[in-house]
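Trainee: Got a minute to go through this one with me? I'd like to start with the strands.

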Amino acid sequence: MKFGKKIAAIVCMGFVVSCSTALAKPDTLRVVGSWNSLTLYKNFEKPFWTETVPQELGMKTSMTSLGQVKLKGPAVVRQMGMGVFDVVHTVADYIVSDSPDLAALDLPGVTTDIETAKKTVDAYRPTLEKILARDFDVKLLSVVPYPAQVLFSRVPIKGLDDLKGKKIRASGWTTSEFVTALGATGVTLSFSEVPQSLQRGVVDCAITGSLSGYSAGWGEVSKYIYPLPVGGWDYVIGVMSMNTWNKLSQEQQQKLQTLITEKLEKPGWAVTAKETKEGVDCLTGKTCPHGEPQHLIEVPVTEESISRVQEVLVNNVLPALAEKVTPGTMTTWNETIGKVVGIQAK
């Protein structure tokens, strides 16, 4: 064989090898779970990816969490496009800055019970899949709620009117819009920054799930708990890089999705209502199956408060959302979530 032909053959062989490598199924799925201090990660995400997937699909995995990677907002999802991670579980509100349409999934005051919340997610899921594929090039795998997002306060409050003038941590801009309408100032802080910020007086109040806040020590730096779900549910979405998804065979894709539904999503939803109540109980000195109870003062929720929340949703939050989302999103919201809850954006 002449020298030139040898070189061509070597180049050709190298190209075939590189192509084969590119199309090969991933050797190890690199997974980022949500907050590792919380039960969703400990009881569902971690066992699923470190035990179920290797056993059922024969795939190796490596597991870390949002707290460990220390990437804020949408950065952790953007890293998937660079091939750093294959799967990420993160709160949808954390990434709305890069994808405003996602905010429509979880608005303050839309639902106050877990059954209705599930119906709204089911109705909006096809739209959610399209948004995530368009804006992040990822495949939606799961949607699981944290316990209802309630208000922790280090200063005395008796209801919504007392939030005027307060600095309140809100995980998403729609919740920030909600508290702003009440005369408060919304402050953006990551979940892990909140306890110290409450302790130092950087914020007066903060919104998160009741059991999430208990588990992360928010009760140790707060004095009051207002169990009205003013922050929605903080849905945790599980997504896979579309590049990784496409490397799986159709059989693997179907099996993975079935396993996620049965082993992660369904049980995750089942415990959320229970954990919402358990969180409030743990924070207010009642029986606590998760550790030592704390002794926050529980602020009573009235029917007037629930009506006020929905009033702010319709008059302030939905119009603000309409200004940020792409054309047609509010029409889709009205036809899906709005139809489920009997609310229509104007």
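Trainee: Is strand β4 mostly covered or mostly open?

Mentor: Mostly covered. This is a predicted model, and in it seven of the eight residues of β4, which spans 138-145, are buried.

Trainee: Which strand does β4 pair with over seven bridges?

Mentor: That's β10, residues 235-241, and the two run antiparallel. If you want a spot to look at, find L140, whose bridge partner in β10 is V239.

Trainee: OK, on to β5. How many of its residues are buried?

Mentor: Five of five, covering residues 149-153. Split them by face and you get Q149, L151 and S153 on one side, with V150 and F152 on the other. Both faces are covered.

Trainee: And which strands does β5 pair with?

Mentor: One is β8, residues 205-209, in the antiparallel sense over five bridges. Another is β9, residues 224-226, also antiparallel, with three bridges joining it to β5.

Trainee: Give me some residue pairs for those. What is the bridge partner of V150 in β8?

Mentor: T208. For β9, take S153, which has Y224 as its bridge partner.

Trainee: Switching topic: helices. How many residues are in α10?

Mentor: It has 34, running from 250 to 283. From the first C-alpha to the last, α10 reaches 46 Å, and that is close to the 50 Å expected at 1.5 Å a residue.

Trainee: Where is the kink in α10 centred?

Mentor: On T261, and the kink is about 35°.

Trainee: What about after the helix? Which residue with a positive phi follows α10?

Mentor: That's G285, with phi near 85°.

Trainee: Last topic, pockets. How much space lies in the largest pocket?

Mentor: About 450 Å³. There are 24 residues lining the largest pocket, and the closest to its centre are K72, G73, Y94, L189 and S190.

Trainee: Which helices supply at least two residues each to that lining?

Mentor: Look at α3, residues 66-69, and α6, residues 173-181; each of them does.

Trainee: And how do the lining residues divide into nonpolar, polar and charged?

Mentor: Nine are nonpolar, 10 are polar and five are charged.

Trainee: Great. So for my notes on the strands, what should I put down for β4 and β5?

Mentor: Both are mostly covered. Then add that β4 pairs with β10, while β5 pairs with β8 and is joined to β9.

Definitions and conventions: Residues are numbered from 1 along each chain as its sequence is written. This is a predicted model: local features need pLDDT of at least 70, side-chain atom pairs count only at pLDDT 80 or more; totals for chains, interfaces and linings use all residues. Side-chain values use heavy atoms; hydrogens and water are left out. Helices (H or I, at least four residues) and strands (E, at least two) are DSSP runs, numbered from the N terminus. The expected span of a helix is 1.5 Å times one less than its number of residues. The bend at a residue is the angle between axes fitted to the seven residues ending there and the seven starting there. Buried means under 20% relative accessible area, exposed over 50%, partly exposed in between (1.4 Å probe, protein chains only). Two strands pair if DSSP finds at least two bridges between them. On a 1 Å grid over the protein atoms alone, a cavity is a set of points where a 1.4 Å probe fits but cannot get out, and a pocket is an open set with protein on both sides within 12 Å along at least five of seven lines; lining residues have an atom within 4 Å of a point. Grid points are joined across faces, edges and corners, and a volume is the space filled by probe spheres set on the points. Ala, Val, Leu, Ile, Met, Phe, Trp, Tyr, Cys and Pro count as nonpolar, Asp, Glu, Lys and Arg as charged, and the others, Gly among them, as polar.
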